[in-house]
Amino acid sequence: MPAYPERRLESARLRLRPPTPDDVGALMALAGEWEVVKYTVRMPHPYTQADGEAWVAAAHAPDTAHRPFAIELKTRGTFIGAIGLTETDGAPEVGYWIGRPYWNQGYASEALATLIDHAFGALGLGRLVARAVLANRASHRVLEKCGFVRGRETVELAPARGVRRAVVWYELTRPAGARA
Ligand SMILES: CC(C)(COP(=O)(O)OP(=O)(O)OC[C@H]1O[C@@H](n2cnc3c(N)ncnc32)[C@H](O)[C@@H]1OP(=O)(O)O)[C@@H](O)C(=O)NCCC(=O)NCCS
């Protein structure tokens, strides 16, 4: 996984930037909702201040394979969620969440499109993978809107949830001729 050469990305409405300790309050309020974490693999529930602080600290660790961005609204600087890449079996995997008050306004799709451009551009990656719980229809839609191609279904353990569940894998390959 290459290092992030640029840690501040912008789209029409959003800024993707490194998380800071100032995000922890909003992070706890938004990530504290079960509806937000229930389909995720790693987000704890309940989501404590210590969880938020650990997430921010891990984002800045020099050797981390987790490279999350905080997502904020450009207009007000409001923290609304997070997105990033982790490494799964050698492949960069995208993950994201948006706080419930901000759902269905296109923010996840906008943030993911921005991360994809960054991954295929500055980071020089050739392929991204993603996984969504079968029942998580909003996430399937986000991935499809961003061009991910639906692949196999597997049953996986979600460590933070303590259950096995059906997930659908997606992948996106850098278009031929795109800037590496
Ligand atoms: C999945 C999630 C990130 C989507 O965020 P968002 O900002 O609302 O996403 P967008 O607005 O960009 O797109 C959502 C799309 O899903 C659609 N959608 C929402 N709920 C849906 C449902 N129950 N069934 C089908 N489609 C649904 C929306 O209509 C929209 O599609 P459209 O633009 O064609 O109308 C957000 O719901 C979330 O954070 N969920 C909890 C965490 C999570 O699941 N993360 C992903 C793990 S793989």
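Let's start right at the ligand: a backbone N or O atom of Asn104 sits 2.6 Å from one of the ligand's oxygen atoms. Keep in mind as you look around that this is a predicted model. Two side chains also reach a ligand oxygen. Asn136 brings a polar side-chain atom to 2.7 Å from an oxygen of the ligand, and Lys145 has a side-chain N or O atom 2.7 Å from a ligand oxygen. How much of the ligand does the protein cover? On its own the ligand has 970 Å² of accessible area, and the protein covers 76% of that.

Now zoom out a little to the whole shell. There are 21 residues around the ligand, and the ones that come nearest are Asn104, Ser109, Asn136, Arg141 and Lys145. So you've already met three of these names: Asn104 with its backbone atom, Asn136 with its side chain, and Lys145 with its side chain too. What kinds of residues make up the shell? Sorted by class, you get 10 nonpolar, 6 polar and 5 charged.

Which parts of the fold do they come from? Helix 2 (34-37), strand 5 (91-98), helix 4 (107-120) and helix 5 (137-145) each give at least two residues to the shell. Helix 5 supplies the largest share, with 6 residues.

Next, try finding the second largest pocket, with a volume of about 170 Å³. Strands are what to look for here: strand 6 (127-133), strand 7 (149-158) and strand 8 (163-173) each supply at least two residues of its lining. Among the lining residues are Arg127, Val129, Val149, Arg152, Trp169 and Tyr170. By class, the lining has 5 nonpolar, 2 polar and 4 charged residues.

Asp89 is another residue lining that pocket, and its backbone is worth a look. You'll find Asp89 in the loop between strand 4 and strand 5. Its phi is near 50 degrees, a positive value in a residue that isn't glycine.

There's another backbone feature to spot, this time at a proline. His45 and Pro46 are joined by a cis peptide bond, with omega at about -5 degrees. Pro46 has its place in the loop between helix 2 and helix 3 (49-59).

Finally, let's turn to charged pairs. How many salt bridges does the model have? The count comes to 12. One to pick out is Glu10 with Lys74, where the closest N and O atoms are 3.6 Å apart. This pair ties together distant parts of the chain, since the two residues are 64 residues apart. Glu10 is in strand 1 (residues 9-10), while Lys74 lies in the loop between strand 3 (67-73) and strand 4 (79-88).

Note on methods
Residues numbered from 1 in each chain as written. Predicted model: local features only at pLDDT ≥ 70, side-chain atom pairs only at ≥ 80, totals over all residues. Heavy atoms only, no water. Near = heavy atom within 4 Å. Polar contact = N/O pair within 3.5 Å; in protein donor to acceptor, adjacent residues only side chain to side chain. Areas by Shrake-Rupley, 256 points an atom, 1.4 Å probe, with all protein chains shown as cover. Helix = DSSP H or I, 4+ residues; strand = E, 2+ residues; numbered from the N terminus. Nonpolar A, V, L, I, M, F, W, Y, C, P; charged D, E, K, R; others polar. 1 Å grid on protein atoms, 1.4 Å probe; cavity = no way out; pocket = protein on both sides within 12 Å on 5 of 7 lines; lining within 4 Å. Points joined across faces, edges and corners; volume = space filled by probe spheres on them. Salt bridge = Lys/Arg side-chain N within 4 Å of Asp/Glu carboxyl O.
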